[in-house]
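Hello,

Here is the structure I promised to pass on. Please have a look at it first, and then read on for what I found.

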Amino acid sequence: MIGDGTRCAHAGHGSARDEPLGAPLHPGPALSSTFHLGLPADPTPTDFYGRADNPTWRALEAAIGELDGGECVLFGSGMAAIAAVLRLAARPGTTVVLPSDGYYLARVLADEELVPLGVGVRAVPTAGSWPGRVLAGAALVLLETPSNPGLEVCDIADLAARAHAAGALLAVDNTTATPLGQRPLDLGADLVVASDTKALAGHGDIVLGHVSSTDPMLVGRLRAARARGGAVPGPMEAWLAHRGLGTLDLRLERQAANARALALALREHPAAADVRWPGLADDPAHAVAARQMRRWNGVLRFTLPSTAAVAEFLAASRLVASATSFGGLRTTADRRERWGDAVPPGLLRLSAGVEDTADLVADVLGALDCVDR
């Protein structure tokens, strides 16, 4: 099998031998909402209107699908992708199971849109015991592993088997892991969903999401739902994401190296507590993560004594920006309690960028020295 770097650079582009003489090596986006239909008797082409399909979407869908190990359907955002998955399975009288410690807006959407329609919602900690009664009557189980922001992990293969035995679909939010770090479809998941705003596109300049599956029926339903609901990506966003995907392997390698170095350094600093990164051999999530993840990523977490301590840390750092989202080129930190996560006020999710490791570690440690303990 070819390596991750080769897969990322060539995914969705086809073979160079198949291109006609003079064709652009890097084709641009198809910036059109309408396409030629021909004469009334001509068959309807694949591309006829910008809400239904676009050649720039298909190129990126082919690339992501190849990495995920399934067929990909793009959406205008990660939340649009999650919403499509929830609506795909949820019916009155059934139940959806969500992570209680995962991305908070998924729970908000379920509580405010599905519950009024007669859909039950159960929230379970990612690293919980998952007793059998949790899956009773479930139509869909959504996992997020590693979870955001806690970086807890659950066993995808085990829960896929248990969900299927209970008659439920299993979906995995793979945003933190990326398709290079983890392939949930290979582990038995029916659907994999991600916010491509994060590491996949990797430059902090677009909003995009996707769902992949190996089930043609599910893929067809997702495409139909996208066209009906209009949660479509723009061709420029799809083109930028495809361009960013080409360096995912390179970026992930540096980000993971930086996350490892930071996690080890943070553990030795008295201002930081509860440092978590699944790539550390003694992290509570490491054993399960190591069985199902192909490689590590750049997201870690730690806790400072207070909100004021977070402010002191961010004010003193030259390289760490205060920003939500993650997976970008520059290191960012996000105080997650501000968004409603049930975490301590000083908990920071830190997304390691691609800065030189020594520079980043020195900057973070120097900023921590300025924290009032």
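**The sheet and the helix on it**

In this predicted model, seven strands form an open sheet with mixed pairing, in the order S1-S7-S6-S5-S4-S2-S3. The edges are taken by strand S1 (71-75) and strand S3 (120-124); each has a single partner strand, so one side of each is left without a neighbour in the sheet. On average, neighbouring strands of this sheet are turned by 20° against each other, direction ignored.

At the S1 edge, the partner is strand S7 (residues 209-213): the two run antiparallel and are joined by five bridges. Within this pairing, Phe 75 stands opposite Gly 209 in S7.

Helix H3 packs on the sheet, where it touches S1, strand S2 (95-99), strand S4 (138-144), strand S5 (169-173), strand S6 (191-195) and S7. The direction of H3 makes about 155° with that of S6.

**A residue to look at in H3**

Helix H3 spans residues 78-89 and includes Ile 82. Is Ile 82 buried or exposed? Its relative accessible area is 6%, under the 20% cut-off, so Ile 82 counts as buried.

Which residues does Ile 82 contact, leaving aside its neighbours within four places in sequence? They are Ala 106, Asp 173 and Val 193. Asp 173 falls within the range of strand S5 (169-173), and Val 193 within that of strand S6 (191-195). Ile 82 and Ser 195 are 113 residues apart along the chain, yet their C-alpha atoms are separated by 8.8 Å.

Happy viewing, and best wishes

Technical notes. Residues are numbered from 1 along each chain as its sequence is written. This is a predicted model: local features need pLDDT of at least 70, side-chain atom pairs count only at pLDDT 80 or more; totals for chains, interfaces and linings use all residues. Side-chain values use heavy atoms; hydrogens and water are left out. Helices (H or I, at least four residues) and strands (E, at least two) are DSSP runs, numbered from the N terminus. Buried means under 20% relative accessible area, exposed over 50%, partly exposed in between (1.4 Å probe, protein chains only). Contact means heavy atoms within 4.5 Å. Two strands pair if DSSP finds at least two bridges between them. Axes are lines fitted to C-alpha atoms, for helices over the stretch in contact, and angles run from 0 to 180 degrees between N-to-C directions.
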